[in-house]
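Work through the exercises below with the structure open beside you, and try each task before you read its solution.

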Amino acid sequence: MPAPDVTVIIAAYNAMPYVTRSVRSALDQSLGGERVEVIVVDDGSTDGTAAELDRLAEQAPRLRVIHQPNSGGPAAPRNLGLDHATGRYVFFLDADDHLGPEALERMVATADANGSDVVLGRMVGEGGRRVPQSMFRRNQPKTDVFTSRVYWTLGPLKLYRRELVERHQLRFDTGLSIGEDQPFTATAYLKAAAISVVADYDCLYCLAREDGGNITAREHSTRMRIDLFRTMTGLIADHVPAGPERDTLMHRHFAVELREAVLQLCREPERDAQDKFLRELADLITPYWTEGLAARLPAVFRLRYHLIRHALLDELLTLVRWELDRGAANSEITTLAPTTTTEPDVHVENGRAYALYPYFRDSTLNIPDDCYDITSELRVRHRVDTADINGSGLRLTGHAYIHRIPASDITTELVLRKRGTKTEQRLPVASVPGAGDDGDLPGFDTVIDLAPLSPGLWDITLAVDAQGVVKEARLGSSRAEAVTTATSTLVTGTGTAVALYTTKPYGNLTLDVGETHHRVLPHLRVTSATWSPDDPAALLVNGKCTLASWPQGALTVYARDLHGAKQAVPVEPDPSDASFRALLRCETAGEWELALRLAAGGQEWSVPVPPNPSLKPARWRRFGLPWYAKPLAGRDALTLRVGKVELLKAVRKRFGGR
C-alpha cells in the first residue's frame with residue numbers, strides 16, 4: 001500500500017466532547033481515500049476520551065489510536081505520533097480544533113506546487129478564541145520569516161514536510177512547560193526551503209473551550225515565561241547572525257514572550273522573587289538589545305526595557321498596572337475587561353508626538369524621551385466618500401486625521417507619486433468642516449487635473465499635518481459603501497487614457513495613465529451588424545462601450561473606403577447598460593471597411609465590425625435607380641461593396657448572356 005500524503009497527529013487529553021469532531025474532520029478530508037492517515041495519542045485521559053477514540057477507530061481503518069500515561073503536556077504525545085507517522089507531510093491538530101473539509105487538499109497542492117516545507121492554512125477563531133490573522137491577508141506561494149508575518153504564529157498547527165522534520169530530527173521540547181511548540185516551528189521555518197500561506201480558504205477552526213481547558217488560556221508562572229523567552233532568543237541567536245534579520249525575529253519574542261513574562265512577574269506575591277526575576281530578565285535582554293530592535297518596538301516596550309535594565313521595580317509595577325487597567329492579558333485567548341478606555345494623552349513638540357505614559361519627563365528618573373516617542377506608531381485615519389472620475393478630472397472627498405492628536409488644527413495635501421520613479425505632484429486640498437458620520441471630523445475635497453500626468457501608475461496619498469506632526473496614508477482602503485472598487489477607464493479630450501483602479505490586497509486607489517495595465521480596446525465591442533428592417537440602405541450596428549467617459553462625438557461607427565474616403569456616425573450608448581445602436585447609411589459607392597472608432601487628441605482606438613456570414617446583399621432604389629450593398633468575403637472586418645446596379649450587366653446575368 002502506498003504511503004499516505006498526510007499524517008494528521010492529534011494529542012488528546014480530556015478532550016470530550018470536542019475530540020469527536022476533531023478526528024472526524026481529519027478523516028473526512030476531500031483529499032480522500034488512502035491519502036490521509038490519522039494518529040491520535042491519548043495522553044492518559046480520564047473523561048471518556050480514550051473510549052471515544054477506540055470507538056472511532058473501530059469504524060475507520062485509517063485511524064490509529066495510541067494510549068499512554070499522562071505526560072503533563074502535548075510535547076510527548078506529538079513526538080510519539082511523529083515516531084509512527086508515514087505520510088509525506090504531517091499536520092498537527094489539537095483535539096479541540098477541527099479542519100475545514102478541503103484544508104489538507106489545498107495545503108498539499110500548495111506544498112507540491114512550490115516545493116514548500118511548511119504550509120500555513122488560514123485560521124478561524126470560534127467561541128471567542130483569538131487566532132493570528134496578519135499573515136493570512138493574501139496567498140503566499142513562497143515566502144520566508146524575514147519578508148512576511150509568518151513568524152508571528154509559532155504554534156504547530158501547520159503542514160510540515162516529514163522529510164524536513166526527520167532530516168533535522170525535529171521534536172517538541174518536553175523540557176518546556178509552555179511554548180514547547182515554538183522551538184519546533186521556529187526551527188522548521190528557518191530550515192525550510194520555502195514557506196507557503198493558504199489564505200483564501202478557512203483551513204483550521206480553533207475553539208475556545210467552554211471549560212477554559214485550552215492550554216494557552218491557563219496562567220503560567222514567571223519561571224515558565226522566562227525559560228521560554230531564554231530558549232527562543234537563544235535559538236534565534238544560534239541560527240541568525242546579528243543584524244536586521246535577527247532583529248526582525250527578536251521583535252516577536254520581545255513583543256510577546258517578554259511582555260508575558262513581565263505581566264507574570266508583577267503577579268508574583270513575594271518582593272524577593274520579583275527582584276530576582278527582574279535581574280534575570282535584564283541579563284537576558286541586554287545581549288540582544290540593538291537600535292534596530294528598539295526601532296521596531298512600540299514606545300511602551302522601550303519604556304518597559306528601560307525600567308527592567310535599570311532595576312526600577314516599583315516603576316515597572318506601576319507601568320504594568322497602568323497596562324492592565326487598559327486590558328493587557330494573555331495574548332492568545334482572553335482580554336481582561338479594562339477599567340478605563342482612555343488612551344494616554346499625547347504631547348506634541350517639534351514635530352514629534354509623545355505618549356504620556358507614567359514618569360514622562362520625571363526629573364528624578366530622567367527616562368529618555370525616546371521611551372515615550374510614538375510618532376512612528378501614529379496612523380492616519382481616513383475615509384473616501386467620493387471618488388468620481390471623468391474627462392475633467394478626479395474628484396475625491398472624505399475625511400482624514402491623525403489618531404490621538406486633536407483634529408482641530410489640521411492641514412492636508414494630496415500627493416501623487418509615480419510608481420518606480422521619484423516624481424511626485426503635491427496638490428492643495430480644500431478643507432471641509434463637519435465631515436464623517438458624526439459631522440465632527442476634518443474633511444477634504446479636491447479635484448485632480450489629469451492633464452499634467454505623464455504615462456505611468458500614480459499612487460494617491462494623503463499627507464496630514466496635525467500640529468506639526470506629518471503622516472501619510474494611501475487613500476482608498478477605507479471608503480464609503482457608495483464608492484465602488486470597480487475600475488473606471490476613460491479617455492480625456494487630449495486623447496489620454498486614464499483608469500482609476502483599486503490595488504490588491506489593500507484596496508488603495510491608483511491612477512493608470514496611458515494604458516500601463518488597463519487598455520481601452522477591451523471596452524469597445526461590436527456585437528452584431530444587420531440590415532435595418534425599416535431602411536434597406538441602412539446597416540444597423542449594435543455594440544457596447546463600457547468606458548466611464550470620452551469626449552463628446554469622439555466615438556463613432558466609422559467606414560473607410562479603400563481609396564481614402566471616410567464617413568462616420570456618432571455613437572451614444574445607453575447609460576443604463578452601455579449598449580448602443582447606430583445606423584450607417586450606404587449612400588456612396590465604394591468598398592467600405594467598417595469599425596467602431598474612438599478618436600481624441602490625435603489618438604485613435606478602433607475595433608473592426610466583425611464579418612457576418614449570414615448577412616445577405618441588400619438592394620434599394622435611389623432616385624429611381626437600383627443600388628446594392630454586398631458583403632465581401634475573406635476580410636478581417638465587415639467590408640461592403642456599395643454601388644449602382646449596371647442594368648446591362650444585370651439583364652445579361654438574368655438571361656444567361658455574356
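The axis of a helix is here a line fitted to its C-alpha atoms over the stretch in contact, and the angle between two axes runs from 0 to 180 degrees between their N-to-C directions. The model you are looking at is a predicted one.

**Exercise 1. Two crossing helices**

Task: Describe helix 10, then decide how it lies against helix 13, whether roughly parallel, roughly perpendicular, roughly antiparallel or oblique.

Solution. Begin with helix 10 by itself: the helix covers residues 271-285, which makes 15 residues, and its span from the first C-alpha to the last is 21 Å, close to the 21 Å expected at 1.5 Å a residue.

Next, look for the residues of helix 10 that are hidden, which are Gln-274, Phe-277, Leu-278, Glu-280, Leu-281, Ala-282, Leu-284 and Ile-285. As a help in reading such a list, recall that an α-helix has 3.6 residues a turn, so residues three or four places apart point the same way. The buried residues of helix 10 pack against several other helices, among them helix 7 (222-239), helix 9 (257-265) and helix 13 (313-324).

Now take helix 13 as the partner: its axis and the axis of helix 10 come within 11 Å and cross at roughly 95°. Since angles of 65 to 115 degrees count as roughly perpendicular, helix 10 is therefore roughly perpendicular to helix 13. The residues that make this contact are Arg-271, Gln-274, Asp-275 and Leu-278 on the side of helix 10, and Leu-313, Asp-314, Leu-316 and Leu-317 on the side of helix 13.

**Exercise 2. A sheet of three strands**

Task: In the open sheet that contains strands 23, 24 and 27, find which strands stand at the edges, and explain why one side of each is left without a neighbour in the sheet.

Solution. First write down the order of the 3 strands, which is 23-24-27, with antiparallel pairing. Strand 23 and strand 27 (579-585) are the edge strands, and because each has a single partner strand, one side of each has no neighbour in the sheet. On average, neighbouring strands of this sheet are turned by 25° against each other, direction ignored.

Then follow the pairings one at a time. Strand 23 and strand 24 run antiparallel and are joined by 7 bridges; a hairpin of 6 residues also leads from strand 23 to strand 24, and Trp-531 stands opposite Leu-539 in strand 24. Strand 24 (residues 538-545) is likewise joined to strand 27 by 7 bridges, and these two strands run antiparallel. Across this second pairing, Leu-540 has Leu-583 of strand 27 as its bridge partner, while Ala-538 is partnered by Arg-585 of strand 27.

Finally, consider how covered strand 24 is: 7 of its 8 residues are buried.

**Exercise 3. A histidine in a loop**

Task: Locate His-523 and decide, from its relative accessibility, whether it counts as buried or exposed.

Solution. Start with its place in the chain, which is the loop between strand 22 (509-513) and strand 23 (524-531). The relative accessibility of His-523 is 17%, and because buried means under 20%, the residue counts as buried.

To see what surrounds His-523, leave aside its neighbours within four places in sequence; the residues in contact with it are then Thr-489, Lys-544, Cys-545, Thr-546 and Leu-547. With Thr-546, the side chain of His-523 makes a polar contact of 2.7 Å.

Key. Residues are numbered from 1 along each chain as its sequence is written. This is a predicted model: local features need pLDDT of at least 70, side-chain atom pairs count only at pLDDT 80 or more; totals for chains, interfaces and linings use all residues. Side-chain values use heavy atoms; hydrogens and water are left out. Helices (H or I, at least four residues) and strands (E, at least two) are DSSP runs, numbered from the N terminus. Buried means under 20% relative accessible area, exposed over 50%, partly exposed in between (1.4 Å probe, protein chains only). A polar contact is a pair of N or O atoms within 3.5 Å; within protein, one must be able to donate a hydrogen and the other to accept it, and residues adjacent in sequence count only if both atoms are side-chain atoms. Contact means heavy atoms within 4.5 Å. The expected span of a helix is 1.5 Å times one less than its number of residues. Two strands pair if DSSP finds at least two bridges between them. Angles under 35 degrees count as roughly parallel, over 145 as roughly antiparallel, 65 to 115 as roughly perpendicular and the rest as oblique.
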